[in-house]
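Trainee: I would like to learn how to read packing, sheets and charge pairs from a set of coordinates. Could we start with a single residue and work outward?

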Amino acid sequence: MAATDAVLPDLAAEGDELDQLVASIEPDRWRTETPSPGWTIAHQIGHLAASDRFTALAVTDPEAFAVRLSGLSGDLSEINDAVAADAAVLAPEDLLIEWRAARAEALAALSSVPVVERVQWIVTPMSPASLASTRLMELVGHGQDIRDALDVTWVPTDRILHVARIGARTRNFAYRIRGIAPPPQDFRIELVAPSGELWTFGPPEAPQRVSGSAADFCLLVTRRRHRADLDLRALGDDAEQWLDFAQAYAGPPSAGRAAGQFRAAGR
C-alpha cells in the first residue's frame, strides 16, 4: 500500500468524526470560546475549511498557490486569525457545508498526486502523504480545542500514527524556528499506540530517548497540552529540552497550554 493510500482514509475518517461532533451541537454553541484565545468553535471550523481549500489549491494550481503564498505577508498567526474570523460570521449550517466541501476537495486533490511527486507547501515541498498527514494533525489539534470547549473527552485511534510520525520528523524544525541549533544526533522515540502497539522512530541505539503515550505525544507536538500533564518521559538533556517546545506545525513558536489547564487524553 502506498503511503498516500494509507493516510487518506484515516484523514477522511478523522474529519468525519469531528464533523459528527460539531453537527450534533446546537447552533448557539458554535460561539463557545475554545482554549485558543479569541477563537470560538466556529473559528476553529472556519480555519480548517480555509486550510483544506489552501491544500487543494497547492495541488491543483501550483502557480496560483505560489501567488497566494507570496501575498501572505505578516505573521502567520495573525493571518490565521483573520481567515478564521471571516469564516466565523457564517451561520453554523453554512459553515459546516463549506467545511465538508473543502474537505472533499482536499481529499480529491491529494489522491490525484503521484506518490513520487512533491507539492509546494508553506515551509517546504512535501509528498502527498506528508501533506495529508499535516491535515490530519490539524484535525487532531483543532479538534482537541473544540472538544475542550465542549468538555468532551477525546478517544484517540491508531489514525494518529501519521501525526506521531510528523511530530518525530519535525524535531529539527522545532529547534530552528526558535533559533536553536538542533542536536547532531537523532533521538529514539518509542510510543504506545491507542491499540497497544509500539510505534518507534529513530535509531534503536540513540542515547537520547522519548517514550510514553502516542496520543499524549500528539497533544504535545500540536501544543494542546503541557508536557507536565502528559505521559511522556525523556532520557537525556537534549530530549528533555525538546519536550519543552516540540512543535509539528508550521508557524511561529507557541506558548501552548499551561500546566494543569486540562486533563490529558482519556484521563
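Mentor: Start with the contacts of one side chain. Not counting residues up to four places away in sequence, Q144 touches L139, W154, L219, R224 and R225. Keep in mind that this is a predicted model.

Trainee: Where does Q144 lie, and is Q144 buried or exposed?

Mentor: Q144 lies in helix α6. Its relative accessible area is 3%, and buried means under 20%, so Q144 counts as buried.

Trainee: Which residues does D148 contact, leaving aside its neighbours within four places in sequence?

Mentor: D148 is in contact with P35, R225 and F262, with neighbours within four places in sequence left aside. D148 also lies in helix α6, and at 16% relative accessibility D148 counts as buried. R225 appears in the contact list of Q144 and in that of D148.

Trainee: How do I read the packing of one helix on another? At what angle do α6 and α7 cross?

Mentor: Take the two axes, then their separation and angle. The axes of α6 and α7 cross at roughly 105° and come within 8 Å. That makes α6 roughly perpendicular to α7. For the residues involved, α6 contributes S130, S133, T134, L136, M137 and V140, which meet H162, V163, I166 and R169 of α7.

Trainee: Now the sheet. In what order do the strands come?

Mentor: Read the order from one edge to the other, then the pairing. Here 4 strands form an open sheet, ordered β2-β1-β3-β4, with mixed pairing. β2 (198-201) and β4 stand at the edges with a single partner strand each, so one side of each is left without a neighbour in the sheet. On average, neighbouring strands of this sheet are turned by 10° against each other, direction ignored.

Trainee: In what sense do β1 and β3 pair?

Mentor: The β1 and β3 pair is parallel and runs over 5 bridges. Within this part of the sheet, R188 stands opposite R209 in β3.

Trainee: Which strands does α7 touch?

Mentor: α7 packs on the sheet and touches β1 and β2, its direction making about 25° with that of β2. Another helix, α9, lies across β1, β2, β3 and β4 and runs at about 115° to β3.

Trainee: How do I move from elements to a core? Which residues have the most contacts inside the largest nonpolar core?

Mentor: Look for buried nonpolar side chains that connect to one another. The largest nonpolar core has 72 residues, and W30, W99, I189 and W242 have the most contacts inside it. Take W242 as the example. Leaving aside neighbours within four places in sequence, W242 is in contact with G167, R171, A174, Y175, F187, I189, V210 and F217. I189, in that list, is itself one of the residues with the most contacts in the core.

Trainee: Which residues of α10 are buried, and what covers them?

Mentor: In α10 (residues 237-245), the buried residues are A239, W242, L243 and F245. Their cover includes the helices α7 (161-169), α8 (171-176) and α9 (214-221), together with the strands β1 (188-192), β3 (209-213) and β4 (232-235).

Trainee: And charge pairs? How many salt bridges does a search of the whole structure find?

Mentor: Side chains of opposite charge can pair when their charged atoms come close. A search of the whole structure finds 18 salt bridges. In one of them, the side chains of R159 and E14 meet at 2.6 Å, N to O. R159 lies in the loop between α6 (128-150) and α7 and E14 in helix α1 (residues 3-23), so the pair ties together parts that are 145 residues apart in sequence. R159 is buried at 14% relative accessibility, and E14 is buried at 5%.

Trainee: Where do the partners R227 and E240 lie?

Mentor: Their side chains form a salt bridge at 2.7 Å, N to O, between R227 and E240. R227 lies in the loop between α9 and β4 and E240 in helix α10, so the pair ties together parts 13 residues apart in sequence. R227 counts as buried at 18% relative accessibility, whereas E240 is partly exposed at 34%.

Trainee: Which residues are joined into one network by salt bridges that share partners?

Mentor: E14, E17, R147 and R159 are joined in that way.

Key: Residues are numbered from 1 along each chain as its sequence is written. This is a predicted model: local features need pLDDT of at least 70, side-chain atom pairs count only at pLDDT 80 or more; totals for chains, interfaces and linings use all residues. Side-chain values use heavy atoms; hydrogens and water are left out. Buried means under 20% relative accessible area, exposed over 50%, partly exposed in between (1.4 Å probe, protein chains only). Helices (H or I, at least four residues) and strands (E, at least two) are DSSP runs, numbered from the N terminus. Contact means heavy atoms within 4.5 Å. A nonpolar core is a set of buried Ala, Val, Leu, Ile, Met, Phe, Trp, Tyr and Cys residues joined through side-chain atoms within 4.5 Å. A salt bridge is a side-chain nitrogen of Lys or Arg within 4 Å of a carboxyl oxygen of Asp or Glu. Two strands pair if DSSP finds at least two bridges between them. Axes are lines fitted to C-alpha atoms, for helices over the stretch in contact, and angles run from 0 to 180 degrees between N-to-C directions. Angles under 35 degrees count as roughly parallel, over 145 as roughly antiparallel, 65 to 115 as roughly perpendicular and the rest as oblique.
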